[in-house]
Amino acid sequence: MTYTTKKEPTFTKDAIALDDMILTKDSPTTAGSKMLEGYTSLFDATVAEKLSEDYEILGKVAVSEFALGMLADSAATALDEKEIKAVVGLDANGAYRRTAALTGKVFVKPTYGTVSRFGLIPVACSGDTVGVMADGADEAKEVLGVIAGHDDKDGTSLPQEVCAAALDAGTIKKIAVVKDFTANLSAEMTAKVDAAIEKAKAQGAEIIEVDGGVLSQAKLAWAILSSAEFCNNVSRYDGVKYGYRAKGCHSIEEIYVRSRSETFGSAVKSAILYGSHVLSTDNYDKMYDKALRVRRLVKAYFDELFTKVDAVLLPACSKTDLSATECVYEESKYTAPASITGLPVVVAAGVQWLGKPLADGALLAFSKQLA
Amino acid sequence: MEYEVVIGLEVHCELATNSKIFCACSAKYGAEANEHVCPACCGMPGMLPIVNKRVVDLGMTAGMMLNCHINRKTTFDKKNYYYPDLPAAYQTTQLFAPICVNGRVDIETSKGKKSVRIKQIHMEEDAGKLVHDDWRDLTMVDYNRTSVPLVEIVSQPDLSSAEEVVAYLERLRSLLRFAKVSDCRWEQGSMRCDVNLSVREKGSDKLGVRTEMKNMNSLAAITRAIEYETARHIDAIVNKTEELVQETRRWDDEKGKSFAMRTKETAGDYRYFPDPNVMPVVIDDTWYNRIKDSLPEFPEVKKARYMDELGLGDFDATSLVESRAFCDVFEAAYAECGLAKDAANWILKDCANLLNRNQMTADMLSIDGRALGKLIRLVADEKVGRANAKFILAEIFAGATDPEKIAVEKGFIVSNDTSLIEKVVVDIVAADPKSVADYKGGKEKAFMALFGKCMRELKGNCNPQVLRELLLKEIDKA
């Protein structure tokens, strides 16, 4: 299943698709996992509720299991093949950003807290962000305008006036390119980055080069934090209440072990093991707590940098011929800095443009000029 | 060699909130299984926790009653473990910045007064309940209790006997009930206790090997368990009957023995970490002062005031301060009628009777204290007879607020018209010459019979003193 069509478009409203991480009452939401095959939520996600007022939700695009995979290619395919304006989905581990960079789509990962996470199958709550993938910046901006806003059902949701302000246009004049991140790219990716820089310059932007400093630590720190949160979030799938239950079990332990073993794929199992490891009493201080410190340092790095520039250019991945079997952890070097800080990112012209908190509108306006 | 026992307690109390800690479900006890549940407290994906502010109010109140420092910025953490009564496979609790730290509870035992230090109080959610059906060989889960808010009160290992433990628990219960933090019902599981115990040579400053007995739910069982464990530890140390290990043990009150459940080595790792979905709760001065100002007088302060200022006796004062509800009704009634002794009597005798008859406890008295005060005033002013007043009290108990209105409607207002009483007295005396003769012959009881007949005829609406005088006069004439 790459794309489930719930109904044919009626063309009375624009059509959009959700990804399989966003819960709705009217159709199953499975997170791409055998564990949740056929699972239908008792409630709608806030984003689904908001979108259904303005759009016709045609269905859900498939995701890699719990969106941990390298790419979100079903979303890009759906945009190409179907008459839909956008795909709204969870940016958990950078898959949407990599895919948008490789397929020439626009993807906006909004500032953490401006779009409700209520009704999202949780992966790593401190970084989970609902984003929008579309063919152009205008469409992405329009759909983001519908889903952004305060939600009382999400305790980390920002106040309404703050959410609204994030959509205001602004200007991007000075852009930092982080040296450590533009080295060691494939030739094609280097060419993509160079072309993006030229496009920015053509719009009158000033480009400066900066050192990455602590930024290279974001990858490991985010792997620690996100695996820990992931491990915690998927513990609820235990075969007792809903989802898959292994047949013929004789004890509660057997229900737990077999239900989970028989459904979860290897990426999920690795993340669970790693997450448990970093949270164990012996490792908490030297791994988890240290990762929290690194997160603060990465935030401080950006705070300082954004006193000098309006945006930061980072590649979305190291090369253009990524395959689903390659190591996501290595590629997360490029996406982790925004995941761990919750900063807004727009992928356009094949690279990531990071902005300061609430610069979503400015980044979208800028990326429109690059098209 | 002399030995001493060192005990620390972890006490769980369910908070007296209407709704659960992170969702809007009812937190009330006693519903049908899985009646008070929603996707959030059933651990379904996609729900996010929203902190119930009332829980923080009560957490703070508990801390202030126990002389704690209140952390003005308090955070929630996740504790991971698998058990079918824990639907999300984690419990949201407080590890890194609990709401209260460093408190003190003063107790008194046969050995004298003592302060027990409180290490911390943290807020957390309760787990559900497993219901075993042996007949059908089934285990079912009831999630009503899931996410019901709790405070866990952790003492320092300052207790050194079962008697002290009981005194401490009773004191804790009294303070928390008084401040309406929790109803602290052992029998309903809204108060539970984990006992951490070790034994060491008397005077040593090194602690012995500690064992923990979880989920104890009666003072008698706790006492027996402590005595048993103390003896077991001493026996192990002195007679080398077994090697003590740090472990969790289950107390079987029927067998009078404790059994090993799990050792430190086999215990799961709870993998605590800060909950990213709950923002830190920041308690500003306004919030802090609102709670501070709402604290009740401590029971012993109230008792002293009732005795010194209102002139109550020790027994009445002690009985009243056993229940905050009694105190509240008493104070409202006293403010209305100004008659402390009468108000205490009406509450401790008549209201207590009504509670008993309705199988309610002292804490459940929820009548309008001002209405009771008005009723006491009516009786004191001899406007309503005592028997009729009891009838009116039953109405107040059922929710009525205006005793005078009831008295008028029911015709209970005592007549000042002596001619009516005289008429009744004349009739009764004329109709019962035998009793009159008996009384004159020295039978006191005969007078009471005549008196009672008159009272009945008057439906209780007369001043007994006036009736008595008129009746004596009439008998004399006869």
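**Exercise 1. A three-stranded sheet in chain B**

Task: In this predicted model, in what order do the three strands of the open sheet in chain B stand, and which pairing do they show?

Solution. Step 1: Read the order across the sheet, which is E5-E4-E15 in chain B. Step 2: Check the sense of the pairing, which is antiparallel. Step 3: Look at the edges. Strand E5 (90-93) and strand E15 (273-274) of chain B each have a single partner strand, so one side of each is left without a neighbour in the sheet. Step 4: Go to the join between E4 and E15. Strand E4 of chain B covers residues 77-80, and two bridges tie it to E15(B). Step 5: Pick out one bridge by its residues: Lys78(B) has Phe273(B) in E15(B) as its bridge partner.

A general reminder helps here: strands of a sheet pair through backbone hydrogen bonds, either parallel or antiparallel.

**Exercise 2. The two neighbours of strand E13**

Task: In which sense does E13(B) pair with E14(B), and in which sense with E12(B)?

Solution. Step 1: Start with strand E14 of chain B, residues 257-263, which pairs with E13(B) in the antiparallel sense over six bridges. One pair to find is Arg250(B) with its bridge partner Phe259(B) in E14(B). Step 2: Follow the chain between these two strands. They make a hairpin with four residues between them, and in the turn Gly256(B) has a positive phi of about 70°. Step 3: Turn to strand E12 of chain B, residues 211-216, where the pairing with E13(B) is parallel and has three bridges. Here Met213(B) stands opposite Arg249(B) of E13(B). Step 4: Ask how enclosed E13(B) is. Five of its six residues are buried, so the strand is largely enclosed by the rest of the structure.

**Exercise 3. Two residues of chain B and their surroundings**

Task: Is Thr248(B) buried or exposed, and which residues does Ala317(B) touch beyond its sequence neighbours?

Solution. Step 1: Place Thr248(B) in strand E13 of chain B, which spans residues 247-252. Step 2: Compare its relative accessible area of 9% with the cut-off for buried, which is under 20%. Thr248(B) is therefore buried. Step 3: List what surrounds Thr248(B), leaving aside neighbours within four places in sequence: the contacts are Glu212(B), Lys214(B), Phe259(B), Ala260(B), Met261(B) and Arg262(B).

Step 4: Move to Ala317(B), found in helix H6 of chain B, residues 314-320. With 0% relative accessibility, Ala317(B) is buried. Step 5: Not counting residues up to four places away in sequence, Ala317(B) touches Lys303(B), Tyr306(B), Met307(B) and Leu312(B). Step 6: For a sense of distance, the C-alpha atoms of Ala317(B) and Arg370(B) are separated by 19 Å, with their positions 53 residues apart along the chain.

**Exercise 4. Positive phi outside glycine**

Task: Where do Asn67(B) and Gln359(B) lie, and how exposed are Asn67(B) and Gln359(B)?

Solution. Step 1: Asn67(B) belongs to the loop between helix H1 (53-65) and strand E2 (69-70) of chain B. Its phi is near 55°, a positive value in a residue other than glycine. With a relative accessible area of 35%, Asn67(B) is partly exposed. Step 2: Gln359(B) sits in the loop between helix H8 (340-357) and helix H9 (369-380) of chain B. Gln359(B) is not a glycine either, yet has a positive phi of about 50°. At 75% relative accessibility, Gln359(B) counts as exposed.

**Exercise 5. Chain A, from whole to helix**

Task: How many helices and strands does chain A have, and what covers the buried residues of helix H4(A)?

Solution. Step 1: Count the elements: chain A has 13 helices and 11 strands. Its radius of gyration is 20 Å, close to the 21 Å from the globule rule for 371 residues, so chain A is as compact as a globular protein of that length. Step 2: Look at burial across the chain, where 60% of the 371 residues count as buried. Step 3: Zoom in on helix H4 of chain A, residues 137-147, in which Ala137(A), Ala140(A), Val143(A), Leu144(A), Val146(A) and Ile147(A) are buried. Step 4: Find the cover, which includes helix H1 (46-54), strand E4 (86-91), strand E5 (106-109), strand E6 (129-134) and helix H13 (360-370) of chain A. Step 5: Finish just after H4(A), where Gly149(A) takes a positive phi of about 140°.

Note on methods
Residues are numbered from 1 along each chain as its sequence is written. Chains are lettered from A and ligands numbered from 1 in the order in which they are written. This is a predicted model: local features need pLDDT of at least 70, side-chain atom pairs count only at pLDDT 80 or more; totals for chains, interfaces and linings use all residues. Side-chain values use heavy atoms; hydrogens and water are left out. The radius of gyration is taken over C-alpha atoms; the globule rule is 2.2 Å times the number of residues to the power 0.38. Buried means under 20% relative accessible area, exposed over 50%, partly exposed in between (1.4 Å probe, protein chains only). Two strands pair if DSSP finds at least two bridges between them. Contact means heavy atoms within 4.5 Å.
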